[in-house]
Amino acid sequence: MTETIIGAPAVASPLRPWYLVAAAAAFAAMTAAILSDSLWFLNFVHVMAGCLWTGIDLFMGFVIGPVLRRVSLDTRRAMIAGIIPRTLILMPSLSAITSTAGWFLAQRVGFLDLPYPQFWWVVAALAIVTVLTVQGLFYLLPMNLKLYFEISEPAPNGEKLGRWMRTYVRVVAVQGTMQIAIIVVMARFATGF
């Protein structure tokens, strides 16, 4: 439950236990897929997690982000307070599951043994995932926390928030571009060389 103080936006609890339970269940499904002999199951986990990761990233970056820039501070506070706790566990989990399941899938179907020049597609996939991971863990995750804590202050610094959001939107645009690039590479893997 959230509590509302008259005149202040509702602030979601920072972390709900079921977020961790859901993440643990997703990691358990990934582990089961890796340990099973089912190529279909491993592919399903990789593709489903990848679709969720990419879809949520693109939706957040190109739909929610522009909306947040144009709404009042109180509305922005309420939105960020509701979104950040949910995505704090969700997005790193989806990216880790997608990448890990993808690695084991590539290994199982022989993509890691491809000769050059086809192996360059593997190199491209690894480079893109590295950029996504570095940006996600070392910029977006800390920035999400900074935004969340600043917006939770009784009197958030609007100038600071605006400056952070401008940079944040640029990084999210790069993330979106990398997400599209990884889809191009994955489509190449799926359709052959």
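How many helices and how many strands are there in the protein? The protein has five helices and zero strands, and its elements follow the pattern α-α-α-α-α along the sequence. The structure described here is a predicted model.

**Overall form**

Taken along the principal axes, the C-alpha atoms fill a box of roughly 60 × 30 × 20 Å. The chain comprises 193 residues, of which 36% count as buried. The protein exposes about 11,000 Å², and carbon and sulfur atoms supply 71% of that area. Among the contacts with a separation of 6 or more, 76% are accounted for by residues 24 or more positions apart.

**Helix 2 and helix 5**

Two packed helices are described by the angle between their axes and the distance between the axes. For helix 2 (residues 39-69) and helix 5 (residues 158-191), the axes come within 10 Å and cross at roughly 150°. Helix 2 is therefore roughly antiparallel to helix 5, since an angle over 145 degrees counts as such. The crossing in which helix 2 passes helix 5 is left-handed.

On the helix 2 side, the contact is made by His46, Trp53, Thr54, Asp57, Leu58, Gly61, Phe62 and Arg69. Helix 5 contributes Val169, Val172, Ala173, Gln175, Gly176, Gln179, Ile180, Ile183 and Met186. By class, this contact of helix 2 with helix 5 contains nine nonpolar, six polar and two charged residues.

Ile180, one of the helix 5 residues in this contact, is partly exposed, with a relative accessible area of 45%. Ile180 is 87 residues from Ser93 in sequence, and their C-alpha atoms are 20 Å apart in space.

**Helix 1 and helix 3**

The axes of helix 1 (residues 17-35) and helix 3 (residues 73-109) also come within 10 Å, and they cross at roughly 0°. Helix 1 is thus roughly parallel to helix 3.

In this pairing, helix 1 supplies Tyr19, Leu20, Ala23, Ala26, Phe27, Met30, Ala33 and Ile34. These residues meet Pro85, Arg86, Ile89, Ser93, Ala96, Ile97, Thr100, Ala101, Phe104 and Arg108 in helix 3. The contact of helix 1 with helix 3 divides into 14 nonpolar, two polar and two charged residues.

Thr87 also lies in helix 3. Not counting residues up to four places away in sequence, Thr87 touches Met60 and Pro92.

**Loops**

Most peptide bonds are trans. Tyr116 and Pro117, however, are joined by a cis peptide bond, with omega about 10°. Pro117 is placed in the loop between helix 3 and helix 4 (119-151).

Ala155 is found in the loop that lies between helix 4 and helix 5. The C-alpha atoms of Ala155 and Leu137 are separated by 28 Å, and the two residues are 18 residues apart along the chain.

**Accessibility of selected residues**

The table lists three residues by location, relative accessible area and class.

| Residue | Location | Relative accessible area | Class |
|---|---|---|---|
| Thr87 | helix 3 | 14% | buried |
| Ile180 | helix 5 | 45% | partly exposed |
| Ala155 | loop between helix 4 and helix 5 | 64% | exposed |

Thr87 counts as buried because its relative accessible area of 14% is under the 20% limit. Ala155 counts as exposed because its 64% is over 50%.

Notes. Residues are numbered from 1 along each chain as its sequence is written. This is a predicted model: local features need pLDDT of at least 70, side-chain atom pairs count only at pLDDT 80 or more; totals for chains, interfaces and linings use all residues. Side-chain values use heavy atoms; hydrogens and water are left out. Axes are lines fitted to C-alpha atoms, for helices over the stretch in contact, and angles run from 0 to 180 degrees between N-to-C directions. Helices (H or I, at least four residues) and strands (E, at least two) are DSSP runs, numbered from the N terminus. Angles under 35 degrees count as roughly parallel, over 145 as roughly antiparallel, 65 to 115 as roughly perpendicular and the rest as oblique. A crossing is left-handed if the near helix is turned anticlockwise from the far one by less than a right angle, and right-handed if clockwise. Contact means heavy atoms within 4.5 Å. Ala, Val, Leu, Ile, Met, Phe, Trp, Tyr, Cys and Pro count as nonpolar, Asp, Glu, Lys and Arg as charged, and the others, Gly among them, as polar. Buried means under 20% relative accessible area, exposed over 50%, partly exposed in between (1.4 Å probe, protein chains only). Accessible areas come from the Shrake-Rupley method with a 1.4 Å probe; for residues, only the protein chains shown count as cover.
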